[in-house]
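Biologist: I'd like to learn how to read side-chain pairs in a model like this one. Can we go through them one at a time?

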Amino acid sequence: MDPESEGPPIVKVTPLQQMAASCTGAVLTSLMVTPLDVVKIRLQAQNNPFPEGKCFVYNNGLMDHMCVCEEAGNKAWYKKPGNFHGTLDAFLKITRNEGIKSLWSGLPPTLVMAVPATVIYFTCYDQLTAVLRSKLGENETRIPIIAGIMARFGAVTVISPLELIRTKMQSKKFSYKELHQFVSKKVSQDGWISLWKGWAPTVLRDVPFSAIYWYNYEILRKWLCEKSGIYEPTFMINFTSGALAGSFAAVVTLPFDVVKTQKQTQLWTYESHKISMPLDMSTWVIMKNIIAKNGFSGLFAGLIPRLIKIAPACAIMISTYEFGKAFFQRQNVQRQQF
């Protein structure tokens, strides 16, 4: 994705090269932001603790992840949320009480899910952007919004069934035969739609984030290129644009992130007690309950760790991705010359 300008001819990067470029960013981002997300989710969950032996949702800046605690009697990495008084206090207490390794809890399965999700998301965005620009023109400002919405919508839809399967695999050791039996039983009991459980609240938060992020990223990157008097954005321009765009999108969509956390914890609470889920689980009802209990500021619980996490996550992901594409682009130019 190059800024709209009258620069030199652009050599295209193939979809396979785009997929390869996104992998490195996914791994680096997951390694760096997982501790911040563990802290964020603990702060959000203080007033609604997770049942022991169950799981909760956290996000590494790329996608949602279900992290399952080990069953009672084992050394579960997740323990009942403490009485945290802010981000730094949460860091210190989690490290002291559970060890520094707990800040990277659930990292291996996170990588397993983050890489394919990121590959789908970023590749789809680039491909959709190219198609829309050929139809609507290079200077159409709505393109990042449309492409961002469609790419995130598609990525969430494709990954949701895999997320359910991975969650089950985390709960205890399964053979492939047992896993196949689990999926077959799930489908026979609740239908194919059951594999997309939790899809709606994920889309509600991630799709607006994607639209806001890509729109601001493209605008900021183009503006910084113009100010610098260059055609091609540098690594630092991509890094800065990603950080600023991600921060703005994170603030706007944080209430939906808090609601999703609350909804997931309630879901597992009801399932653990084998009782039917109440009807008042809608996003707007949960928002009203949060405001009534904790005030308007309750919708922005975990704001600081979310910002600290999202800014570098978006910056690292997009700058690494663009760096990888630039590398492949140079390789393609050299091939054309020989």
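**Salt bridges and rings**

Biologist: How far apart are the closest N and O atoms in the salt bridge of arginine 142 with glutamate 140?

Modeller: Side chains of opposite charge can pair when their charged atoms come close. The rule here asks for a side-chain nitrogen of Lys or Arg within 4 Å of a carboxyl oxygen of Asp or Glu. For arginine 142 and glutamate 140, the closest N and O atoms are 2.8 Å apart. Keep in mind that this is a predicted model, where local features need pLDDT of at least 70 and side-chain atom pairs pLDDT 80 or more, while totals for chains, interfaces and linings use all residues. Residues are numbered from 1 along each chain as its sequence is written, and side-chain values use heavy atoms, leaving out hydrogens and water.

Biologist: Is arginine 142 buried or partly exposed?

Modeller: Arginine 142 is partly exposed, at 48% relative accessibility. Buried means under 20% relative accessible area and exposed over 50%, with partly exposed in between (1.4 Å probe, protein chains only). Buried residues make up 49% of the 338 residues in the protein.

Biologist: How many salt bridges are there by that rule?

Modeller: The count is 6. Take lysine 325 and aspartate 126, whose closest N and O atoms are 2.8 Å apart. Lysine 325 is in helix α9 (residues 303-337) and aspartate 126 in helix α3, so their salt bridge ties together parts 199 residues apart in sequence. Both of these residues are buried, with lysine 325 at 4% relative accessibility.

Biologist: Which other residue meets lysine 325 in a salt bridge?

Modeller: Glutamate 322 does, at 3.5 Å from N to O. These two sit 3 residues apart in helix α9, about one helical turn. Glutamate 322 is buried too, at 7% relative accessible area. Step back and you get a salt-bridge network of Asp126, Glu218, Arg221, Glu322 and Lys325.

Biologist: What is the overall order of helices and strands, from the N terminus on?

Modeller: Helices (H or I, at least four residues) and strands (E, at least two) are DSSP runs, numbered from the N terminus. Here they run α-β-β-α-α-α-α-α-α-α-α, which makes 9 helices and 2 strands.

Biologist: And how many aromatic pairs are there?

Modeller: A pair of aromatic rings is described by the distance of the centres and the angle of the planes. Rings of Phe, Tyr and Trp (its six-membered ring) pair if their centres lie within 6.5 Å; planes under 30 degrees apart are stacked, over 60 edge-to-face, the rest tilted. That gives 12 pairs. One of them joins phenylalanine 122 and tryptophan 214, edge-to-face, with 5.7 Å centre to centre and 75° between the planes. Phenylalanine 122 belongs to helix α3 (residues 107-136) and tryptophan 214 to helix α6 (residues 199-228), so the pair ties together parts 92 residues apart in sequence.

Biologist: Which aromatic pair does tryptophan 214 form with tyrosine 217: edge-to-face or stacked?

Modeller: Edge-to-face: 5.8 Å centre to centre, 85° between the planes. Tryptophan 214 and tyrosine 217 are 3 residues apart in helix α6, about one helical turn. Tryptophan 214 is buried at 0% relative accessible area, tyrosine 217 is buried at 0%, and phenylalanine 122 is buried at 5%. Ring pairs link Tyr121, Phe122, Tyr125, Phe209, Tyr213, Trp214, Tyr217 and Tyr321 into a cluster.

Biologist: Which charged residue sits over the ring of tyrosine 121?

Modeller: The rule wants NZ of Lys or CZ of Arg within 6 Å of the ring centre and within 35 degrees of the ring normal. Over tyrosine 121 sits the charged end of arginine 152, 3.9 Å from the ring centre.
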